[in-house]
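Grab a viewer and work through these exercises with me. Try each task yourself before reading the solution.

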Amino acid sequence: MGLFIPTYFSPISQYAFINKSEEVIFELEDNFQKQTYRNRCYIYGANGKLSLNIPIKHNKTNRRKKTKDILIENNFPWQDQHFKSLKSAYQSSPFYEFFEDDIAKIFNKKYVYLVDLNIDTYLFVTDALQISQEFSKTKEYELSPLVNDYRDFSVAKNGSISIEMDNYTQIFDDKFGFISNLSILDLLFMEGPNSVSYLDSVKIF
């Protein structure tokens with residue numbers, strides 16, 4: 001049983017532990033934090049590591065907002081931009097075409113709340129990986145929960161978690177080398193059905 005923050009096409013490290021968890025619990029009662037994977041993911045672009053950021057509506061007061069209450073700013077064509085970036089980066093990868101139609105559904109759906117989008121990305125990925133999709137949501141915030149606490153996996157800053165993972169072939173690694181712990185999409189598009197075996201091999205300290 002593991003407690004996770006719902007994040008946007010989460011990094012490989014997060015799915016390594018989702019894969020190991022018999023039950024997934026999503027934290028919805030925490031305060032939203034900037035510089036996290038809640039509204040961003042990293043892919044391998046033609047110029048190296050590329051951040052895809054979801055614009056959110058900024059709080060006009062100084063009061064903190066809970067993750068579940070964060071609204072997406074849809075005045076920007078972020079969905080079109082993200083989908084085009086993914087296609088540009090991965091259309092020649094071995095498995096992109098197998099998942100393109102299902103991913104397109106996410107980018108064609110209009111979301112109001114960030115958490116709804118992130119849970120849909122989770123459902124897409126777990127279906128693609130053919131691992132359990134079942135999850136529950138927290139009803140209140142607990143500082144020290146009585147389950148495995150993986151909420152720190154949402155932090156995007158370097159050094160928050162020590163990760164050891166083997167290299168796999170990446171689309172532009174001949175130019176920039178292997179980039180570790182990108183979005184799960186990078187692994188999925190490159191490794192397809194081998195992705196779950198790769199997740200089993202990831203070591204996190």
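What follows is a set of exercises on helix packing, buried residues, aromatic rings and backbone angles in this predicted model.

**Exercise 1. Work out how helices α2 and α3 run relative to each other, and which residues make their contact.**

Solution. Two packed helices are described by the angle between their axes and the distance between the axes. So let's get both numbers.

- Step 1: α2 covers residues 78-90 and α3 covers residues 96-108; their axes come within 10 Å and cross at roughly 170 degrees.
- Step 2: Angles over 145 degrees count as roughly antiparallel, so α2 is roughly antiparallel to α3.
- Step 3: On the α2 side, the contact is made by Trp-78, Gln-79, His-82, Phe-83, Leu-86, Lys-87 and Tyr-90. On the α3 side, Tyr-96, Glu-100, Ile-103, Ala-104, Ile-106, Phe-107 and Asn-108 make the contact.
- Step 4: Sort these residues by class and you get nine nonpolar, three polar and two charged.

**Exercise 2. Do the same for helices α4 and α6, and add the handedness of the crossing.**

Solution.

- Step 1: α4 (residues 114-129) and α6 (residues 184-191) pack at an angle of about 30 degrees, and their axes are 12 Å apart.
- Step 2: Angles under 35 degrees count as roughly parallel, so α4 and α6 are roughly parallel to each other.
- Step 3: The crossing of α4 past α6 is left-handed.
- Step 4: α4 brings Phe-124, Val-125, Ala-128 and Leu-129 to the contact, while α6 brings Ile-184, Leu-185 and Leu-188.
- Step 5: The class tally for α4 with α6 is seven nonpolar, no polar and no charged residues.

**Exercise 3. Decide how enclosed helix α1 is, then look up the surroundings of Tyr-15.**

Solution.

- Step 1: Go through α1 (residues 12-20) and count: eight of its nine residues are buried, so the helix is largely enclosed by the rest of the structure.
- Step 2: The buried ones are Ile-12, Ser-13, Gln-14, Tyr-15, Ala-16, Phe-17, Ile-18 and Asn-19.
- Step 3: Now pick Tyr-15, which sits in α1. Its relative accessibility is 1%, so Tyr-15 counts as buried.
- Step 4: Skip residues up to four places away in sequence, and Tyr-15 touches Ser-10, Thr-121, Tyr-122, Val-125, Thr-126, Leu-129, Ile-184 and Leu-199.
- Step 5: Take Leu-199 from that list. Tyr-15 and Leu-199 are 184 residues apart along the chain, yet their C-alpha atoms are separated by 7.2 Å.

**Exercise 4. Find the neighbours of Gly-192.**

Solution.

- Step 1: Gly-192 lies in the loop between α6 and α7 (195-201).
- Step 2: Is Gly-192 buried or exposed? Its relative accessible area is 7%, so Gly-192 is buried.
- Step 3: Setting aside neighbours within four places in sequence, Gly-192 is in contact with Phe-95 and Leu-187.
- Step 4: Check Pro-94 too: 98 residues separate Gly-192 and Pro-94 in sequence, and their C-alpha atoms are 7.8 Å apart in space.

**Exercise 5. Classify two aromatic pairs, Phe-83 with Phe-107 and Tyr-150 with Phe-153.**

Solution. A pair of aromatic rings is described by the distance of the centres and the angle of the planes.

- Step 1: Run the search with ring centres within 6.5 Å, and the count comes to 21 aromatic pairs.
- Step 2: Phe-83 and Phe-107 are 5.7 Å centre to centre with 40 degrees between the planes, a tilted pair. This pair links distant parts of the chain, with Phe-83 in α2 and Phe-107 in α3, 24 residues apart. Phe-107 is buried, at a relative accessible area of 3%.
- Step 3: Tyr-150 and Phe-153 give 5.6 Å centre to centre and 85 degrees between the planes, so with planes over 60 degrees apart the pair is edge-to-face. Tyr-150 is buried at 14% relative accessible area, and Phe-153 counts as buried at 8%.
- Step 4: Follow the ring pairs and you find a cluster of Tyr-8, Phe-9, Phe-83, Phe-99, Phe-107 and Phe-124.

**Exercise 6. Compare the settings of Gln-130 and Asn-181.**

Solution. Most residues other than glycine have a negative phi, and most peptide bonds are trans.

- Step 1: Gln-130 has a positive phi, near 60 degrees. Asn-181 also has a positive phi near 60 degrees.
- Step 2: Gln-130 is in the loop between α4 and β5 (135-137), and Asn-181 is in the loop between α5 (173-176) and α6.
- Step 3: Gln-130 is exposed, with a relative accessible area of 74%, whereas Asn-181 is buried, with 13%.

Conventions: Residues are numbered from 1 along each chain as its sequence is written. This is a predicted model: local features need pLDDT of at least 70, side-chain atom pairs count only at pLDDT 80 or more; totals for chains, interfaces and linings use all residues. Side-chain values use heavy atoms; hydrogens and water are left out. Axes are lines fitted to C-alpha atoms, for helices over the stretch in contact, and angles run from 0 to 180 degrees between N-to-C directions. Helices (H or I, at least four residues) and strands (E, at least two) are DSSP runs, numbered from the N terminus. Angles under 35 degrees count as roughly parallel, over 145 as roughly antiparallel, 65 to 115 as roughly perpendicular and the rest as oblique. Contact means heavy atoms within 4.5 Å. Ala, Val, Leu, Ile, Met, Phe, Trp, Tyr, Cys and Pro count as nonpolar, Asp, Glu, Lys and Arg as charged, and the others, Gly among them, as polar. A crossing is left-handed if the near helix is turned anticlockwise from the far one by less than a right angle, and right-handed if clockwise. Buried means under 20% relative accessible area, exposed over 50%, partly exposed in between (1.4 Å probe, protein chains only). Rings of Phe, Tyr and Trp (its six-membered ring) pair if their centres lie within 6.5 Å; planes under 30 degrees apart count as stacked, over 60 as edge-to-face and the rest as tilted.
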